[in-house]
Amino acid sequence: VHAVNLSVEFSAALAQLADDERLVDADIGRLLVSLAADARATIDSLTGVMVVLMVEGHPIMLTAFDGEMDEARVTTSVVLPLPALAKVEPGSMLILYASRPGAFVDFAADAALALGIAPDSVTLDRHLPAPGQLGAHSGLHDVVLINRAIGVLLGRGLHPDAARVEMQRRAWMSGTTLGEAASALIASLEHRSPLPQ
Amino acid sequence: VSSRSPPETHRHHSAEVKNMATNHDDTPIDESGHSAEREHAPPDGLDGLDGSHLRGSLDRLSTLVLGAGQDGLESMLRHVAQFAVRAIPGADGAGLTLLENDRGDTIVATDDFVRDVDAIQYSIGEGPCITAAATGRTVHSPSLGTDPAWPSFGPKVSQLGVHSALSLPLIGSERVLGAMNVYSRTPNAFDTRSVELGEMFAIPAAISVQNAQILAQAARLTSKLQAAIASRATIDQALGILMGRTGCSATEAFDRLRQLSQSQNRKIAVTAHSLVEEAVRRARARSGAGGH
């Protein structure tokens, strides 16, 4: 399969995950490209693949597209719920995009049968990309910030569960997202003297 | 389901098959004990064959291979091989080989002798499966021991008591995915009907293999990604602990974590996990002390 590319955002996210080579199995990028290639072998008008992984309620999006990302070429999509394939949070999904209308009708039927899930759990054309969406923020940055903020709260003596509740409280109190609340907490460290060692 | 509503590849392939059938439908099966290659040319209809038997087999194939569900690619392929043995007259055993990086690997086999036969052909680099995968054509040999096409392979497997072979390429839209190998201990075991049945089996089998590969790849990717993100989460929490303690930046915290891991001769993820565990222990001790 030619020219299946990782999106710039995904490449950046991979680099972020792997900012030390020992941190992460670098196979992830290869696996995504390989998945796109296999899907392309079955559905010849396939234009791209997106994996949406929910992490504590936050979506992390990874995309691989055939050549230049061009939402206008996408006329159909199919969504597979990833919890049917692996132990992941609800809401995680695999989305395939194609340029030929109807390209996924049979794949959707096969996949539903293969995974033993209701046919209407594999949805067609409900996740067509909005302009600019495919190059959008991967979501990993927010998850990184939230985990660092949780670490700050752990260091202050909170249990992990209590730290998460505290983050939600801060977001609710400030009317912001969890990512923004985490960012504010981390920024506040810069104005504080270090704790005694 | 592939057999009742063919996806893109199937339709594309069927069109090719139709053209090939026009040109090559009269390709003879060599009855002289020598191998014969032929383009995929299954009949358009089921007339002339045992139609109800074939339809039933194909329907059951589709149901079973797709019903393999989360057991994955291997389970699905095992069902394909088992059904091939039941449906193809003369078959004693079958196996499915998938190509990865142009190298064949028998993923499933219905019997040990099938694995033995395939192991021989991959070790010496010749045999009906290798020919079928290389040419994308059905390969049929009624007498392996005397077949000049494979002068090393043939006599070796003949000594094992395997005399007939039928290798059916599993063809995707852009490449040969592998082959379904059907063997018999009887010479001249496969006639024209066996070949046609095998070829009809190979088409939905190839589509199911492709769909299962997509699902298997997605499952592998998801698991690896989740593991990477979980590992990264622990590291970020450790960075947060260090940032909270010292007021340093994330970059400086990462350098400290790296130095710490090097001094402990441990992976960064392990050192990070220890830091987080220690913080959680302290929190528990504190809340335990507060509770008394």
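Reader: What makes you say that both faces of S5(A) are covered?

Author: Look at the two sides in turn. This is a predicted model. On one side of S5(A) lie Met93(A), Ile95(A) and Tyr97(A), and on the other Leu94(A), Leu96(A) and Ala98(A). Each of these residues is buried. Side chains in a regular strand alternate between the two faces of the sheet. The count for strand S5 (residues 93-98) of chain A agrees: 6 of its 6 residues are buried.

Reader: Which strand do 6 bridges join to S5(A), and in which sense does that pair run?

Author: Strand S4 (residues 76-81) of chain A, and the pair runs antiparallel. Two bridges are enough for strands to count as paired, so 6 bridges qualify. Val79(A) has Ile95(A) as its bridge partner in S5(A). Strand S2 (residues 46-55) of chain A also pairs with S5(A), antiparallel and over 6 bridges. There, Gly48(A) is partnered by Tyr97(A).

Reader: What pattern does chain A follow along the sequence?

Author: The order is β-α-α-β-β-β-β-α-β-α-α-α. Chain A has 6 helices and 6 strands. Of its 197 residues, 50% count as buried.

Reader: Why is the contact between Arg148(A) and Asp236(B) called a salt bridge?

Author: The cut-off is 4 Å between a side-chain nitrogen of Lys or Arg and a carboxyl oxygen of Asp or Glu. Arg148(A) and Asp236(B) meet at 2.9 Å, N to O, so the contact qualifies. Side chains of opposite charge can pair when their charged atoms come close.

Reader: Why does the pair of Arg148(A) and Asp236(B) join two chains?

Author: Arg148(A) lies in helix H4 (residues 140-155) of chain A, and Asp236(B) in helix H7 of chain B, so the salt bridge runs from one chain to the other.

Reader: How do you know that Asp236(B) is buried?

Author: Buried means under 20% relative accessible area. Asp236(B) has 1%, so the label holds. Arg148(A), at 13%, is buried too.

Reader: Which residues are linked with Asp236(B) in a network of salt bridges?

Author: Arg148(A) and Arg232(B). Asp236(B) meets Arg232(B) at 3.0 Å, N to O. Both of these residues lie in helix H7 of chain B, 4 residues apart, about one turn of the helix. Arg232(B) has 3% relative accessibility and is therefore buried.

Reader: How many salt bridges does a search of the whole structure find?

Author: 7 over all chains. One of them sits in chain A, where Arg169(A) pairs with Glu166(A) at 3.0 Å between the closest N and O atoms. The two residues are 3 apart in helix H5 (residues 160-174) of chain A, about one turn.

Reader: Why is Arg169(A) called partly exposed?

Author: Its relative accessible area is 41%. That value lies between 20% and 50%, so the residue is neither buried nor exposed. Its partner Glu166(A) has 16%, under the 20% limit, and so counts as buried.

Reader: How close does the reach of helix H7 of chain B come to the expected value?

Author: Helix H7 (residues 192-246) of chain B reaches 79 Å from first C-alpha to last, against an expected 81 Å. The helix has 55 residues. Of these, 44 are buried.

Reader: What caps the N-terminal end of H7(B)?

Author: Asp191(B) does. One of its side-chain oxygens lies 3.2 Å from the backbone nitrogen of Arg193(B). The limit for a polar contact is 3.5 Å, so the pair passes. After the helix comes Gly247(B), with a positive phi near 75°.

Reader: What makes the pair of Trp150(B) and Phe153(B) edge-to-face?

Author: The planes are 90° apart, and over 60 counts as edge-to-face. The centres are 6.4 Å apart, within the 6.5 Å limit, so the rings pair. The structure holds 1 aromatic pair over all chains. Trp150(B) is buried at 4% relative accessibility, and Phe153(B) is buried at 0%.

Reader: Which ring does the charged end of Arg86(B) sit over?

Author: That of Phe83(B), 4.8 Å from its centre. The distance limit is 6 Å. Arg185(B) lies over the face of Phe113(B), at 4.2 Å from the ring centre.

Methods
Residues numbered from 1 in each chain as written. Chains lettered and ligands numbered in written order. Predicted model: local features only at pLDDT ≥ 70, side-chain atom pairs only at ≥ 80, totals over all residues. Heavy atoms only, no water. Expected span 1.5 Å × (residues − 1). Buried < 20%, exposed > 50% of the residue type's maximum accessible area, 1.4 Å probe, protein only. Polar contact = N/O pair within 3.5 Å; in protein donor to acceptor, adjacent residues only side chain to side chain. Phe/Tyr/Trp six-rings, centres within 6.5 Å; stacked < 30°, edge-to-face > 60°. Lys NZ or Arg CZ within 6 Å of the ring centre and 35° of its normal.
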